Amino acid sequence: MQSFLDRIYPRIRRYRFLWGWAKDRATKARCSLRTEDWREKGFRGAKIDVCGGRNPYRPGEFLNVDIVDMPSVDLVFDITKQFPIDDGIIAEVFSAATLEHLRKPHVDHVLKEFFRVLQPGGMLRVSTPDIEAIAHGVLEGEDLAVTNQHLFGKYKSDQTEDYDLHRWMYPAPVMIKRLTELGFVHAERIPMGDVPHDPRYNYLIRAFKPN
Ligand SMILES: C[S@@+](CC[C@H](N)C(=O)[O-])C[C@H]1O[C@@H](n2cnc3c(N)ncnc32)[C@H](O)[C@@H]1O
């Protein structure tokens with residue numbers, strides 16, 4: 001027997017886009033409320049996900065920063081410029097699948113901004129593709145579609161956005177050295193945990209701003 005939904009589906013199918021639109025509106029409204037709450041507190045003690053884009057990390061716990069004002073984005077700004085956040089007030093910075101989209105001077109700028117906005121004792125976790133593991137993958141005969149994807153980003157489509165391409169990557173030991181040079185302490189590679197990227201070809205590094 002046909003369910004009620006099956007019976008009415010042919011008639012409501014053409015309005016499916018309204019469901020997507022309503023969901024996006026609700027997500028954006030939630031993000032705006034959250035951002036206003038944090039703005040009133042001057043963002044003191046907030047956790048930020050730089051740049052969560054369409055794939056925010058623990059939404060609700062972390063504010064999603066991105067240059068593109070998508071429904072799931074809380075704070076819109078260009079991370080290659082000075083962050084619109086005061087010194088020493090952010091409790092945690094998380095960033096996945098992002099630094100590799102920037103040129104080297106911008107990567108260094110962003111790492112310095114992470115240090116500047118973090119509060120003393122604040123934690124940074126940064127994940128990017130692991131160029132060393134990708135190189136091993138190539139030498140060991142890994143599927144080229146996989147290694148190229150990690151090396152170059154979303155390169156397959158004619159409509160690939162500039163933001164989707166990869167530009168610079170530090171191997172994990174160099175990232176640890178760079179973070180230490182910038183003043184971070186206890187910088188170390190840790191398991192990927194709940195970071196949703198292939199652990200064979202990405203790393204996660206944790207570091208702290210000293211107290
Ligand atoms: C590959 S997505 C990563 C999304 C998510 N963090 C994840 O782990 O899947 C990279 C994000 O960086 C954003 N982005 C790229 N350049 C940026 C910039 N200069 N300022 C702010 N966001 C930027 C893009 O819009 C995109 O949402």
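Leaving aside its neighbours within four places in sequence, which residues is Y201 in contact with? I shall begin there, and I should say at once that the model before you is a predicted one. Y201 is in contact with P129, D130, A133, I134, G137 and H150, once neighbours within four places in sequence are set aside. The residue itself lies in the loop between β6 and β7, the latter covering residues 202-208. Y201 has 20 C-beta neighbours inside 10 Å, and it therefore counts as buried, the cut-off being 20 or more. For a sense of distance, Y201 and I89 are 112 residues apart in sequence, and their C-alpha atoms are 32 Å apart in space.

Allow me to turn to the helices that some of those contacts belong to. Helix α4 comprises residues 131-139 and helix α5 comprises residues 144-152. The two pack at an angle of about 155 degrees, and their axes are 10 Å apart. Because angles over 145 degrees count as roughly antiparallel, α4 is roughly antiparallel to α5. The crossing in which α4 passes α5 is left-handed. On the α4 side, the contact is made by I134, G137 and V138, and on the α5 side by T147, H150 and L151. In character, the residues of this contact divide into 3 nonpolar, 3 polar and no charged. I134, G137 and H150 take part in this helix contact, and I134, G137 and H150 are also among the residues in contact with Y201.

Let me now step back to the chain. The protein chain contains 6 helices and 7 strands. Along the sequence, their order is α-α-β-β-β-β-α-β-α-α-α-β-β. The C-alpha atoms fill a box of roughly 65 × 55 × 30 Å, taken along the principal axes. The chain has 211 residues, of which 29% count as buried. Among contacts with a separation of 6 or more, 62% are between residues 24 or more positions apart.

Next, the ligand. How many residues surround the ligand? There are 15, and the closest are C51, G53, N55, I67 and A96. The shell around the ligand divides into 7 nonpolar, 6 polar and 2 charged residues.

C51, one of those closest residues, deserves a further remark on its backbone. The peptide bond from V50 to C51 is cis, with omega near -5 degrees. C51 is found in the loop between β1 and β2, where β2 covers residues 63-66, while V50 is placed in strand β1, residues 47-50. Is V50 buried or exposed? V50 counts as buried, because it has 27 C-beta neighbours inside 10 Å. Apart from neighbours within four places in sequence, V50 is in contact with V65, I79, V93, S95 and T98. V50 and A91 are 41 residues apart in sequence, with 13 Å between their C-alpha atoms.

Two further residues call for comment on their backbone angles. A97 has a phi near 55 degrees, a positive value in a residue other than glycine. A97 is located in the loop between β4, residues 90-96, and α3, residues 104-117. With 19 other C-beta atoms within 10 Å, A97 is partly exposed, because 20 or more would be needed for it to count as buried. H186 is not a glycine either, yet it has a positive phi of about 55 degrees. H186 lies in strand β6, residues 185-190, and it is exposed, because 11 other C-beta atoms lie within 10 Å and 12 or fewer is the cut-off.

I close with two exposed positions in helices. F4 is found in helix α1, residues 4-12. With 7 C-beta neighbours inside 10 Å, F4 counts as exposed. F4 and G53 are 49 residues apart along the chain, and 37 Å separates their C-alpha atoms. G53 is one of the residues closest to the ligand. K104, for its part, has its place in helix α3. K104 has 11 C-beta neighbours inside 10 Å and so counts as exposed. The C-alpha atoms of K104 and W21 are separated by 38 Å, with their positions 83 residues apart along the chain.

How values were computed
Residues numbered from 1 in each chain as written. Predicted model: local features only at pLDDT ≥ 70, side-chain atom pairs only at ≥ 80, totals over all residues. Axes fitted to C-alpha atoms, helices over the stretch in contact; angles between N-to-C directions. Helix = DSSP H or I, 4+ residues; strand = E, 2+ residues; numbered from the N terminus. Parallel < 35°, antiparallel > 145°, perpendicular 65-115°, else oblique. Left-handed = near helix turned anticlockwise from the far one by under 90°. Contact = placed C-beta atoms within 7 Å. Nonpolar A, V, L, I, M, F, W, Y, C, P; charged D, E, K, R; others polar. Near = placed C-beta within 6 Å.
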